[in-house]
Amino acid sequence: MQLGRLHHVAVICGDYEVSKRFYTEVLGLRVVAENYRAARNSYKLDLALPDGSQIELFSFPDAPPRLTRPEAQGLRHLSFEVPDVQAAAEALAAQGVAVEPLRIDEYTGRRFTFFADPDGLPLELYEAEPDTPPDAVPS
């Protein structure tokens, strides 16, 4: 078996309209499709990132809240690559999103920070590797 890339991540939200606004207006993800599934009394919203990967946002009645503390086994957080973590964190803060102080990855030297979606799902911004100018490449 050879895996290609991450296709999508599924997220169950507590308040569909609040989460839809957060993922589309605050994070700027593009809506691919939105469907109401009457048999489940549930929405399914397909959201795309620029690279084509997707987040599927689901609403289910009476879904229990996700524990974030203490950290449990399973999916820990979702991480989004951005060109400038400081600028992205400031943009989130300007929209009222609480963002943790920036940190430096001790292994890569790149900056990162965490914030949460409306249901407390931990989300990370991770700074992209800077482009290496052509004249900086050793010959």
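Where is the place of Asn41? Asn41 sits in the loop between β2 and β3, and the points below start from that loop and work outwards.

1. **Ground rules.** This is a predicted model, in which local features need pLDDT of at least 70, side-chain atom pairs count only at pLDDT 80 or more, and totals for chains, interfaces and linings use all residues. Residues are numbered from 1 along each chain as its sequence is written, and side-chain values use heavy atoms, with hydrogens and water left out. Element names follow DSSP runs numbered from the N terminus: helices are H or I with at least four residues, strands are E with at least two.

2. **Asn41 and its hairpin.** The phi of Asn41 is near 50°, a positive value in a residue other than glycine. Asn41 belongs to the hairpin of β2 and β3, which has four residues between the strands. Its relative accessible area is 44%, so Asn41 counts as partly exposed (buried means under 20%, exposed over 50%, partly exposed in between, with a 1.4 Å probe and protein chains only).

3. **The sheet.** Four strands form an open sheet in the order β1-β4-β3-β2, with mixed pairing (two strands pair if DSSP finds at least two bridges between them). The edge strands, β1 and β2 (30–37), each pair on one side only. From one strand to the next, the twist averages 15° (axes are lines fitted to C-alpha atoms, for helices over the stretch in contact, and angles run from 0 to 180 degrees between N-to-C directions). Helix α1 (residues 16–26) packs on this sheet and touches β1, β2, β3 and β4, and its direction makes about 165° with that of β4. Contact here means heavy atoms within 4.5 Å.

4. **Strand β3 and its two partners.** β2 and β3 (residues 42–48) run antiparallel and are joined by seven bridges; Val31, for instance, has Leu47 in β3 as its bridge partner. On the other side, five bridges join β3 to β4, also antiparallel. Asp46 stands opposite Glu56 in β4, a pair you may like to look at in the viewer. The hairpin of β3 and β4 has five residues between the strands, and Gly52 in the turn has a positive phi of about 100°. β3 is mostly covered, with six of its seven residues buried.

5. **Gln54.** Is Gln54 buried or exposed? Gln54 lies in strand β4 and is buried, because its relative accessible area is 17%. Leaving aside residues up to four places away in sequence, Gln54 touches His7, His8, Val9, Val32, Asp46, Leu47 and Ala48.

6. **Two loop residues.** Asp62 lies in the loop between β4 and β5 and has a phi near 60°, a positive value in a residue other than glycine. With a relative accessible area of 77%, Asp62 is exposed. Thr108 is in the loop between β6 (103–104) and β7 and is partly exposed, at 41% relative accessible area. Thr108 and Glu129 are 21 residues apart in sequence, while their C-alpha atoms are 8.9 Å apart in space.

7. **The largest pocket.** Its volume is about 620 Å³. Of the 28 residues lining the largest pocket, Leu29, Leu49, Ser79, Phe80 and Glu81 are the closest to its centre. Elements giving two or more residues to this lining are β1 (8–13), β4 (54–59), β5 (78–82) and α2 (85–94), and the largest share, five residues, comes from β5. By type, the lining divides into 17 nonpolar, seven polar and four charged residues (Ala, Val, Leu, Ile, Met, Phe, Trp, Tyr, Cys and Pro count as nonpolar, Asp, Glu, Lys and Arg as charged, and the others, Gly among them, as polar).

8. **How a pocket is defined.** On a 1 Å grid over the protein atoms alone, a pocket is an open set of points where a 1.4 Å probe fits, with protein on both sides within 12 Å along at least five of seven lines; lining residues have an atom within 4 Å of a point. Grid points are joined across faces, edges and corners, and a volume is the space filled by probe spheres set on the points.

9. **The second largest pocket.** This one has a volume of about 430 Å³. Among its 19 lining residues, the closest to the centre are Arg69, Glu71, Arg76, Phe114 and Pro122. Strand β7 (residues 111–116) gives the largest share of the lining, four residues. The lining divides into eight nonpolar, five polar and six charged residues.
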